[in-house]
Structures are given as C-alpha cells and as structure tokens.
Amino acid sequence: MADPIRQASAAKGEAAALRLPRTLVLVGLMGAGKSCIGRRLSDALGLPFVDADTEIEAAAGCTVQEIFERHGEAAFRDGERKVIERLLDGQPQILATGGGAFMDPRTRESIRRHATSLWLRADLDLLVKRTSRRNHRPLLNKGNPRQILGALIDTRYPVYGEADIVIDSVDGPVEKTVQRAVDAIAAFLSDHPSGQAAARSESKTHDTARKAGE
C-alpha cells in the first residue's frame, strides 16, 4: 500500500516545479472535492486559494443559501458571475467555483479567456456520500438528493467536459487525487505553456480525461 505522506511529498515536489501563468479554476459538482483539493494544490503550487462562494457571501453579506432563498437562483448567478470575473482579473491563484458557475455561458467564456479550468469528475455514489455529511446545499434541499445529483450529472457533465483538464476525484486518500491533478496540470502546461488551450475537440477532451484517470 502506498504511503500517503510519501505521495503528498512527491506531489508537492513535482508541483513546486510548475509555474502556472494563469489562475487555475476548479469546476465540478458539489461534493467533488474542489475546496479540499484546491487547498492542497494551493499549498503545493505556492499560490493563494480562493473559494468563489466565500467571496460571494462576503460581497453579499449573507450566505449562499440565504441568497437563494431571498432572491432566487438567477440573482445568485448574476452576482456569482461578477465576483468570478473580478477574481480572474487578479494574479494567478487556485479558484474553487460553485457547481453551477461553469454552466453560465458568460462565466465559462471568462474562464476560458483568463484562466485554465480543471474539472474534478466524480461518480454519483461518491457525490451522494460526501454531500450527505452536511445540509447547506440549497439545490439538494428541494427533494431526494440522489435523484437531484443524478439529474445534475446528466445536465452538467457534458458542459464540464469543456474544461481544459479533466481528472477523476476518487474515494480514498486525498493525496491520490492531488497527485493526479499535479500530473494532469504538468501535462497540460507542457502542451500549452501559456496555460490556454488554442482549441479543444471532443476527442481531445476524452483523451485528456482518460490519461488523467489512469
């Protein structure tokens, strides 16, 4: 069995050699591990970690759930877009976004132009397991969480597939996913030193996902 501490040290050593020219934006469904993996990547890459939802709450003076309840999802998405655009205008950082952020065409275009995107892909069972630990998810408070997450997978995964990098978030030591992320980022930067893919095709996206998941 691999030593988690050794894995973490190896990932950090490899990451230390990476120089991200643009912000790395983590996308994926709730429970995929964006905040957890983002903080580990922040430490490994020596870049600030920012959670978009935290920034939105600071700007609004209330929680994401309260914004949903008081003003509705449309108003939240509008504020979310503005906050993310502001964050992308700064220095390179690790930015974790909410599950619906990448679904907004204008937000997605801003990310494409100003950042490198990484989709943390997770299967339904893992998402259900992780999200069941807390009840602060507005979208999951409207019915059966498993059914809601399944519907979100059907709707959002094809769009998440447009991300520059795709890796699998797995159940187990977080170091495994961090290592997978570091390897995938290094491979992407080797092909795209500027941090921006000139063009993406469906076959290339699937190939990146396959290699990152091996």
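In the predicted model, helix α2 comprises the 12 residues 34-45, for which a rise of 1.5 Å a residue leads to an expected span of 16 Å; the C-alpha atoms at its two ends lie 15 Å apart, which agrees with that expectation. Within α2, the buried positions are Lys34, Ile37, Gly38, Leu41, Ser42, Ala44 and Leu45, where burial denotes a relative accessible area under 20%. When the helix is viewed down its axis, these buried residues fall within an arc of 165°, and they therefore line one face of α2. Just after the helix, Gly46 adopts a positive phi of about 70°.

The strands of the model are arranged in an open sheet of five members, ordered β2-β3-β1-β4-β5 and paired in parallel. The edge positions are taken by β2 (49-51) and β5 (165-168), and because each of these has a single partner strand, one side of each remains without a neighbour in the sheet. From one strand to the next, the twist averages 25°. In general, the strands of a sheet pair through backbone hydrogen bonds, in either a parallel or an antiparallel manner.

Strand β4, which spans residues 115-121, can be followed through its pairing with β1 and with β5. Towards β1 (residues 23-27), the connection consists of five bridges between strands that run parallel, and in this pairing Val27 has Trp119 of β4 as its bridge partner. Towards β5, four bridges are found, again with the two strands running parallel; here Trp119 stands opposite Val166 of β5, while Leu120 stands opposite Ile167 of β5. Trp119 thus appears in both pairings, as the bridge partner of Val27 and as the residue opposite Val166. With regard to solvent exposure, β4 is mostly covered, in that six of its seven residues are buried.

At the level of the whole protein chain, the secondary structure amounts to 10 helices and five strands. Of the 214 residues in the chain, 49% are buried, and the accessible surface comes to about 10,700 Å², with 50% of that surface belonging to carbon and sulfur atoms. Where contacts between residues at least 6 apart in sequence are considered, 76% of them join residues at least 24 apart.

Technical notes:
Residues are numbered from 1 along each chain as its sequence is written. This is a predicted model: local features need pLDDT of at least 70, side-chain atom pairs count only at pLDDT 80 or more; totals for chains, interfaces and linings use all residues. Side-chain values use heavy atoms; hydrogens and water are left out. Two strands pair if DSSP finds at least two bridges between them. Axes are lines fitted to C-alpha atoms, for helices over the stretch in contact, and angles run from 0 to 180 degrees between N-to-C directions. Buried means under 20% relative accessible area, exposed over 50%, partly exposed in between (1.4 Å probe, protein chains only). The expected span of a helix is 1.5 Å times one less than its number of residues. The arc is that of the directions from the helix axis to the C-beta atoms. Contact means heavy atoms within 4.5 Å. Accessible areas come from the Shrake-Rupley method with a 1.4 Å probe; for residues, only the protein chains shown count as cover.
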